[in-house]
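Here are my notes for your first look at this model. Keep the sequence and the 3D view open as you read. Work through the points in order.

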Amino acid sequence: MPDSYRRPTAQLRADGSLRHLLTLEELPVQVIRSLLERSEHYARPFAQPAARSDLLAGRTVAIMFAEPSTRTRVSFELASRRLGADVVNIEVQLSSRLKGESVPDTVATLESMHVDAFVLRDVDPSVPDLVSSSVAEHISVLSGGAGSHSHPTQGLLDALTVRQHKGRIEGLRIAIVGDIRHSRVARSSWHAFAALGAEEIRIVAPRGLMPADDEFARCTRHTSLESGIADCDVVMVLRIQKERMTAASIPDEVSYFTEWGLTAARLRSAKQDAIVLHPQPMNRGVEIASDVADGPQSVIRDQVRNGVAVRMAVLEATLLRGRR
Ligand code: CP
């Protein structure tokens, strides 16, 4: 792994229901399937009003992100509000963590204010796990992205998006392309695709952005974009994560696009009806050309739309059963 990581605390309660969502690793496939089914219930076409209910009225969700986010933070907030919960956003850069307060002390403070769920993003991948091992029994911890290790709701929304467009995950050939070494999205989406029966998952990257040899078991590895996406049903392009690289290893953007940018011409190597995903934010003209990002094979906006539905399903699954 590119960063330190501890094994997750138990994510399921004794009765098998979901209490925490920290990683898709070791999550039973029936839990993944049931979250996707419930996400379908909440997903709505763009033109329709958003799904709403008051299932979580009286519950409080605290969102505490120590790394930048647009999609994950906003969609967790919208998901909480659309289920009737109260939401508090803790801007870490404006919080007492800057005065030296530890994460456990901040969490204990919010627990005293009757928070029912913490949604956490941190550069340190052990933070969601650490918090989940210390909070009171009725409280759930949901990861909004843990270092380079995991981004479980992104993995779920990627699987949901593929399933909506292809009707299934089973039997598909899926290519994950780009900066895989630093990508928590790649790790979680791979787990989701593998658990749901993808026929082949390829990791396609320049040698310097390949993950360690002992990661991504049973994936095939490709160091050429054209051969890596050849005959694939799904092409998932990843952002170059400059913030996780040392200055020496940051690729030159023009050269990267020349060799690794997904252009319309290169996309023709994949199946004619292949779909293109990108978790965003995108570096247009670096890992993906704008005419592909905005083109007919792109399902990137559906990924964003599905993010709210998936987070509603996760909040419902974790909070509805966790009664005080
Ligand atoms: N895909 C994703 O996690 O986006 P944000 O960083 O904007 O949340």
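**Notes on the model**

1. Start with Val310. This residue is buried, with a relative accessible area of 1%. The cut-off for buried is under 20%, so Val310 falls well within the class at its 1%. Bear in mind throughout that the model is predicted.

2. Where does Val310 lie? Val310 is part of helix H11. Setting aside neighbours within four places in sequence, its contacts are Ser39, Thr153, Leu156, Leu157 and Leu160. Now find Glu37. Val310 and Glu37 are 273 residues apart in sequence, yet their C-alpha atoms are 9.5 Å apart in space.

3. Stay on the same helix for Thr318. Helix H11 covers residues 300–319, and Thr318 sits in it. Is Thr318 buried or exposed? Thr318 is buried, because its relative accessible area is 0%. A polar atom of the Thr318 side chain lies 3.3 Å from the backbone oxygen of Leu315. Beyond its neighbours within four places in sequence, Thr318 is in contact with Arg13, Leu18, Arg19, His20, Ser140 and Leu142.

4. Next, the domains. The protein chain is divided into two parts: domain 1 (29–150 + 305–319) and domain 2 (152–303). Note that domain 1 is written as two stretches of sequence. The C-alpha centres of domain 1 and domain 2 lie 26 Å apart. Their contact takes 29 residues from domain 1 and 25 residues from domain 2.

5. Now the ligand. Which residues surround the ligand? The list is Ser69, Thr70, Arg71, Thr72, Arg121, His151, Gln154, Pro279 and Gln280. By class, this shell has one nonpolar, six polar and two charged residues. Domain 1 and domain 2 both give residues to the shell, so the ligand lies between them.

6. Look at the polar atoms around the ligand. Thr70 offers a polar backbone atom, 2.8 Å from an oxygen atom of the ligand. Arg121 uses its side chain: an N or O atom there is 2.9 Å from an oxygen atom of the ligand. Gln154 also uses its side chain, with a polar atom 3.0 Å from a nitrogen atom of the ligand. On its own, the ligand has 260 Å² of accessible area, and the protein covers 92% of that.

7. Gln154 deserves a second look. Gln154 is in helix H5, residues 152–166. Gln154 counts as buried because its relative accessibility is 6%. Leaving out residues up to four places away in sequence, Gln154 touches Val185, Ser189, Pro279, Gln303 and Arg311. Pro279 also belongs to the shell around the ligand.

8. Move to Met236. Strand S8 (residues 234–237) holds Met236. Met236 has 0% relative accessibility, so this residue counts as buried. Met236 and Val177 are 59 residues apart along the chain, but 6.0 Å separates their C-alpha atoms. Val177 is also one of the contacts of Met236. Apart from neighbours within four places in sequence, the full set is Asp158, Ala175, Ile176, Val177, Val185, Ser189, Phe193 and Leu277. Val185 and Ser189 may look familiar, since Gln154 touches them too.

9. Check the backbone at Pro281. Which residue does a cis peptide bond join to Pro281? The partner is Gln280, and omega is about 0°. Pro281 lies in the loop between strand S9 (275–277) and helix H10 (290–293). Gln280 is also among the residues that surround the ligand.

10. Finish with two positive phi angles. His114 is not a glycine, but its phi is positive, about 65°. His114 is in the loop between helix H3 (103–112) and strand S3 (117–122). Arg218 is not a glycine either, and has a positive phi of about 70°. Arg218 belongs to the loop between strand S6 (200–204) and strand S7 (220–222). Is Arg218 buried or exposed? Arg218 counts as exposed, because its relative accessibility is 81%.

Key
Residues are numbered from 1 along each chain as its sequence is written. This is a predicted model: local features need pLDDT of at least 70, side-chain atom pairs count only at pLDDT 80 or more; totals for chains, interfaces and linings use all residues. Side-chain values use heavy atoms; hydrogens and water are left out. A residue is near a molecule or strand if one of its heavy atoms lies within 4 Å of it. A polar contact is a pair of N or O atoms within 3.5 Å; within protein, one must be able to donate a hydrogen and the other to accept it, and residues adjacent in sequence count only if both atoms are side-chain atoms. Accessible areas come from the Shrake-Rupley method with a 1.4 Å probe; for residues, only the protein chains shown count as cover. Ala, Val, Leu, Ile, Met, Phe, Trp, Tyr, Cys and Pro count as nonpolar, Asp, Glu, Lys and Arg as charged, and the others, Gly among them, as polar. Domain bounds come from an automatic or database domain assignment. Helices (H or I, at least four residues) and strands (E, at least two) are DSSP runs, numbered from the N terminus. Buried means under 20% relative accessible area, exposed over 50%, partly exposed in between (1.4 Å probe, protein chains only). Contact means heavy atoms within 4.5 Å.
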